Amino acid sequence: MKNFGNQVQFKVYQNMPSPDPNRLPVVYEEWEERAREVLEEGPFYYVAGGAGGESTMQANLQAFQRWKIVPRMLRNVEERDISIELFGQGYSSPLLLAPIGVQSIIHPEGEIAAARACAAMKIPYIASSASTKPMEEIAESMGDAPKWFQLYWNKDPEVTASFLTRAEEAGYSAIVVTLDTAMMAWREQDLKNVYLPFLIGEGVGNYFTDPAFCSNLEESPEEDPAAAIMHWTQTFGNPSLTWEDLAFLRKHTSLPILLKGILHPDDAKLAVEHGVDGIIVSNHGGRQVDGAIGALEALPQVCEAVEGKIPVLMDSGIRRGSDVVKALALGAKAVLVGRPCMYGLAVAGEEGVREVLQNMLADTDLTLALAGERAIRELNQSNLKKDE
Ligand SMILES: Cc1cc2nc3c(=O)[nH]c(=O)nc-3n(C[C@H](O)[C@H](O)[C@H](O)COP(=O)(O)O)c2cc1C
Ligand SMILES: O=C(O)C(=O)c1ccccc1
C-alpha cells in the first residue's frame, strides 16, 4: 500500500465541486453523533460508555494529547511503507480491529459486516468470544483474510479448550486472551438504562453452538434459552485464575498467545517469563477499571519491561492517524481500533467500517510522511515530545 494516503485524498477531492450529498462522515466525532442518531439509547451507550464516571475513558484520550509529534524535514518521504511483521507473518498495515462482542446490537449483520470490511482492507479481524455469530461463520465470511480469535477464559476448562480448538480449526492465526474482564465492571450508563445485551441473548453465538457448553445444559439453548443464558452468566469469566494457569492455554493451542489488558510493567515481565508470545496494552477502552491509567501512558514502561523480547500492541483511545503514529513511536508494533469502527458499523454497516479504516490508514500514512519518516518501523521516541 504505497502512498495510500495520497490516493485516498485524491479520490475524495475528485468529486469537487459537487460532492455526493450522502457521503459518509470523515470526522470521528461526527461518526459518533450519527451512531447516536441511528441506535437506541441502550445499545448506543453500551458501546459509547465506560466504567464508573468514565475518567479512564477520558484519560485514554488525554494521554494522546500529552505527546506531540516533532516533524523532521528533507528526508525523502515520497515512498512509504506502513507494513509490519508479527509472528513471522507480514501484514499490510499496523491496524487491527479490536475484539468487540455483541455487534448484532449495532447492526443486523453484526460481526459478518465488520469482518468483511476488514477482509477487504486486509486488516486482521479479531473475533470476540462474545460474538453474536459463531466464530466459524465469521471465519467463513472472510475467506483466507487474516483473522485472530479473542478468548474469554470460561470457568469451565472444557469450554475454554473447545474454543481454542475450534478457533485453530476455523483458520484463526493467533489467540488474544483478554484478562481484564473476568467480570463486567460497574458501568453506570448500562445500569441506568437497564441494558445488558447478553441477557437478551446477544453475544452468545459461540457458546450456544459449543458441544462442551451445551453438555452442561439440561435442555438445548433452543428449547430453554433462559436457562442457557443463566448458565452463560454463571460461567462467562473466571476471577480465580493466576499466572500458573497460562500453561493450560499453551497445552491446548499451538497458535501465538497474546495477553490483552496488561498495564503494569511487572505484569509485562511476568508475561514474558510465562512464555506468552505478545502483549496488548489496554484498559478495555475505559470500560473496566474507572480510574485506571490511560493505556498510552502505560505503554512506554511496558515496552521497557519487555525489552523487545515479544511484540507489544496497544488499544484504547485510537481515534486518528496521529494517535496511531504516537502509539507506534512509543513502542507499539500495531494498534487495535475499537469504537470508531463500531460507529462506522452502526452508520453504514460493512461500508462504514471500511470507510473508517481506510480513512484512518490514509491519515496514518500522511502523518508518518509529514513527520519525516518513510516506514512505521522507523518511528521511535525521538519523533515525539511530551508536554511538561
Ligand atoms: C461494545 C464493546 C464491546 C467490547 N467487547 C469486547 C470483547 O468481547 N472482548 C474484548 O477483549 N474486548 C472487548 N471490548 C474492548 C475492545 O477490544 C478494545 O479494548 C476497546 O474498545 C479499545 O478502546 P477504544 O474503543 O477506545 O478504541 C469491547 C469494547 C466495546 C466498545
Ligand atoms: O462489553 C465489553 O466490554 C465486553 O468485553 C463484553 C463482554 C461480554 C459480552 C459482551 C461484551
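Two residues are in contact here if their C-beta atoms, placed from the backbone, lie within 7 Å. With that criterion in mind, the tour may begin with the whole chain of this predicted model.

**The whole chain**

Display the complete chain. Among its contacts between residues at least 6 apart in sequence, 73% join residues at least 24 apart. The chain averages a pLDDT of 98, and 100% of the residues score at least 70. For the model, ipTM and pTM are 0.99 each.

Switch to a cartoon view. The chain holds 16 helices and 12 strands. Its radius of gyration is 20 Å, close to the 21 Å that the globule rule gives for 388 residues, so the chain is as compact as a globular protein of that length. The C-alpha trace spans about 70 × 50 × 40 Å along its principal axes. Of the 388 residues, 51% are buried.

**The nonpolar core**

Next, select Leu97, Ile279, Val281, Leu299, Val302, Met314 and Val335. These are the residues that touch the most other members of the largest nonpolar core, which has 113 residues. Now add helix H16, residues 339-371; this helix gives the most to the core, with 17 residues.

Keep Ile279 on display and ask which residues it touches, leaving aside those up to four places away in sequence. They are Leu258, Leu259, Ile262, Ala268, Ala271, Val302, Val306, Ile310 and Val312.

**Ligand 1**

Centre the view on ligand 1. There are 23 residues around this ligand, and Ala98, Gly101, Thr178, Gly285 and Gly338 come nearest. The shell around ligand 1 divides into 8 nonpolar, 11 polar and 4 charged residues.

**Ligand 2 and His284**

Move to ligand 2. Its surroundings consist of Gly101, Val102, Ala130, Thr181, Phe198, Gly203, His284 and Arg287. By class, the shell around ligand 2 has 3 nonpolar residues, 4 polar and 1 charged.

Select His284 from this shell. His284 belongs to the loop between S9 and H14. Is His284 buried or exposed? There are 24 other C-beta atoms within 10 Å of His284, and a residue needs 20 or more to count as buried, so His284 is buried. Its backbone also merits inspection: His284 has a positive phi of about 65° although it is not a glycine.

**Further along the loop: Gly291**

Select Gly291, found in the loop between strand S9 (278-281) and helix H14 (295-306). Gly291 has 11 C-beta neighbours inside 10 Å and therefore counts as exposed. Apart from residues up to four places away in sequence, Gly291 touches Ser55 and Thr56. For a sense of distance, add Lys333: the two residues are 42 apart in sequence, and their C-alpha atoms are 26 Å apart in space.

**Helix H15**

Colour helix H15, residues 321-329. This helix is mostly covered, with 9 of its 9 residues buried. The buried residues of H15 include Asp323 and Lys326, together with Val324, Val325 and Leu328. Just after H15, stop at Gly331, which takes a positive phi of about 115°.

**Trp153**

Select Trp153. This residue lies in the loop between strand S6 (147-151) and helix H7 (157-170). Trp153 counts as buried because it has 23 C-beta neighbours inside 10 Å. Which residues does Trp153 touch, not counting those up to four places away in sequence? The viewer should show Thr160, Val177, Asn238 and Leu241. To compare positions, mark Gln62 as well: Trp153 and Gln62 are 91 residues apart in sequence and 31 Å apart in space, C-alpha to C-alpha.

**Two backbone details**

Two further stops concern the backbone. First, select Met16 and Pro17, which are joined by a cis peptide bond with omega of about 0°. Pro17 has its place in the loop between helix H1 (4-13) and helix H2 (28-38).

Then select Phe87, in the loop between strand S2 (84-86) and strand S3 (89-91). Phe87 is not a glycine, yet it has a positive phi of about 50°. With 14 C-beta neighbours inside 10 Å, Phe87 counts as partly exposed.

Technical notes:
Residues are numbered from 1 along each chain as its sequence is written. Chains are lettered from A and ligands numbered from 1 in the order in which they are written. This is a predicted model: local features need pLDDT of at least 70, side-chain atom pairs count only at pLDDT 80 or more; totals for chains, interfaces and linings use all residues. pLDDT is the predictor's confidence in each residue, from 0 to 100. A residue is near a molecule or strand if its C-beta atom, placed from the backbone, lies within 6 Å of it. Ala, Val, Leu, Ile, Met, Phe, Trp, Tyr, Cys and Pro count as nonpolar, Asp, Glu, Lys and Arg as charged, and the others, Gly among them, as polar. A nonpolar core is a set of buried Ala, Val, Leu, Ile, Met, Phe, Trp, Tyr and Cys residues joined through C-beta atoms within 7 Å. A residue is buried if 20 or more other C-beta atoms lie within 10 Å of its own, exposed if 12 or fewer, and partly exposed in between; C-beta atoms are placed from the backbone. Helices (H or I, at least four residues) and strands (E, at least two) are DSSP runs, numbered from the N terminus. The radius of gyration is taken over C-alpha atoms; the globule rule is 2.2 Å times the number of residues to the power 0.38.
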